[in-house]
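Subject: The structure for you to look at

Hello,

Here is the structure I promised to pass on. Please open it alongside this message, and I will take you through what turned up.

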Amino acid sequence: MIVKKSAAEIDRMAAAGAILVRALALVEGKVRPGVTTGELDAAAERFIRSQGGEPAFKGYRGFPGSLCTSPNSMVVHGIPGSYALQRGDIISVDCGVILDGWVADAARTFAVGPVSPVARKLLDTTKASLMDAVQQCRPGNRLGDVSHAVQARVEGDGLSVVRSLVGHGIGRDMHEDPQIPNYGPPDRGPALEEGMVLAVEPMVTAGRHAVRMGDDHWAIYSQDGSLAAHFEFTIAVTAEGPRVLTPWHEATD
Ligand code: MG
Ligand code: MG
């Protein structure tokens, strides 16, 4: 069942989102060769708590971090730790914040210094696919329009959509109905209605779409070792159109 939110509830989710995007901006400002993913995680957790929020991922099904930090061929769910970023890496950072019982969820992939042309294209296309998807999050469309927008952009650019991982509804729980695949035909699935809030999250590889589980039973990698990127917004469907609750925020430090 898709739980719709009132305008006041969406405002509360936006407040969680505002903390989240500032945490990601802080992380972005610290991304450089030599910094460890554990250091990024600690900084994000400190900031989120300083703002009265709670890191949504910490303890979720036993996950130990406040961020998921997923470098290079890792798609999602990387546990922060001793890995030190290297020049030329890409690093996906996913974060969730709970404020007053409402959750926001967002991810970005950052470049560590100059990256290869393949990596640059992967980041640009994945981000563009999310922006295309946002434009579909309006009353009168159907969920398949969102999924299809991601797939059309990604495959049009010669890249692959990870198929076994999906976005989701979000609200009081981080993962609510509906599941939101990043591929599929347009004009299918549930009708989008005012008050729905969606975490749309294209996960894209520069190779093929298959993924594999890592030895820690958390990290998920592209099966072929190709680079992977992940961008995610929490988006409310409103009468005025899509409202991104986790908007871009300039890097800070
Ligand atoms: Mg996320
Ligand atoms: Mg999510």
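Let me begin with a hairpin: E14 is joined to E15 through two residues. The two strands, E14 and E15 (residues 241-244), pair in the antiparallel sense over four bridges. If you want a pair of residues to find on screen, look for Ala236, which stands opposite Arg243 in E15. Please keep in mind that this is a predicted model.

**The chain as a whole**

The chain has four helices and 15 strands. Its C-alpha atoms fill a box of roughly 45 × 40 × 30 Å along the principal axes. For 253 residues, a compact globule would have a radius of gyration near 18 Å, and the chain, with 17 Å, agrees with that. Of the 253 residues, 53% count as buried. Among the contacts with a separation of 6 or more, 71% come from residues 24 or more positions apart.

**The two magnesium ions**

This is the part I would turn to next. Which residues hold the magnesium ion (ligand 2)? Its coordination comes from Asp105 (OD), His168 (NE2), Glu201 (OE) and Glu232 (OE), at 2.1 to 2.2 Å. Along the chain, these donors follow the spacing D-x62-H-x32-E-x30-E. Two of the residues show how distant parts of the chain are linked here: His168 sits in strand E7 (residues 167-169), while Glu232 is in the loop between strand E13 (228-230) and strand E14 (233-238), 64 residues apart. Are His168 and Glu232 buried or exposed? Both of them are buried.

The magnesium ion (ligand 1) has as its protein donors Asp94 (OD), which is listed twice, Asp105 (OD) and Glu232 (OE), lying 2.0 to 2.5 Å from the ion. Here the spacing of the donors along the chain reads D-x10-D-x126-E. The magnesium ion (ligand 1) and the magnesium ion (ligand 2) are 3.2 Å apart, with Asp105 coordinating both. Asp105 lies in strand E5 (residues 102-111) and Glu232 in the loop between E13 and E14, so this pair ties together parts that are 127 residues apart in sequence. Asp105 and Glu232 are both buried.

**Helix H2 and its surroundings**

Helix H2 (residues 37-50) is worth a look too. Its 14 residues reach 20 Å from the first C-alpha to the last, close to the 20 Å expected at 1.5 Å a residue. Which residues of H2 are buried? They are Thr37, Leu40, Asp41, Ala43, Ala44, Glu45, Phe47 and Ile48. The cover over these buried residues includes helix H1 (7-30), strand E1 (54-55), strand E2 (67-71) and strand E4 (90-99). After H2 comes Gly52, with a positive phi near 85 degrees.

**Two open sheets**

One open sheet has three strands in the order E6-E10-E13, and its pairing is antiparallel. Strand E6 (160-161) and E13 are at the edges with a single partner strand each, so one side of each has no neighbour in the sheet. Between strand E10 (residues 203-205) and E13 there are three bridges, again in the antiparallel sense. Thr205 has Ala228, in E13, as its bridge partner. Helix H3 (residues 117-136) packs on this sheet and touches E10 and E13, its direction making about 30 degrees with that of E13.

Another open sheet is made of three strands in the order E3-E12-E11, also with antiparallel pairing. What are its edge strands? They are strand E3 (74-76) and strand E11 (211-213), each of which pairs on one side only. On average, neighbouring strands in this sheet are turned by 40 degrees against each other, direction ignored. E11 and strand E12 (residues 220-222) run antiparallel and are joined by three bridges. Arg212 and Tyr221 are a pair to look for, since Arg212 stands opposite Tyr221 in E12.

For a quick tour, you could go to Asp105, which coordinates both magnesium ions, and then to the hairpin that joins E14 to E15.

Best wishes

Terms used. Residues numbered from 1 in each chain as written. Chains lettered and ligands numbered in written order. Predicted model: local features only at pLDDT ≥ 70, side-chain atom pairs only at ≥ 80, totals over all residues. Heavy atoms only, no water. Donors = N, O, S within 2.8 Å, 3.2 Å for Na, K, Ca; no water. Buried < 20%, exposed > 50% of the residue type's maximum accessible area, 1.4 Å probe, protein only. Expected span 1.5 Å × (residues − 1). Contact = heavy atoms within 4.5 Å. Pairing = 2+ DSSP bridges. Axes fitted to C-alpha atoms, helices over the stretch in contact; angles between N-to-C directions. Rg over C-alpha atoms; globule rule 2.2 N^0.38 Å.
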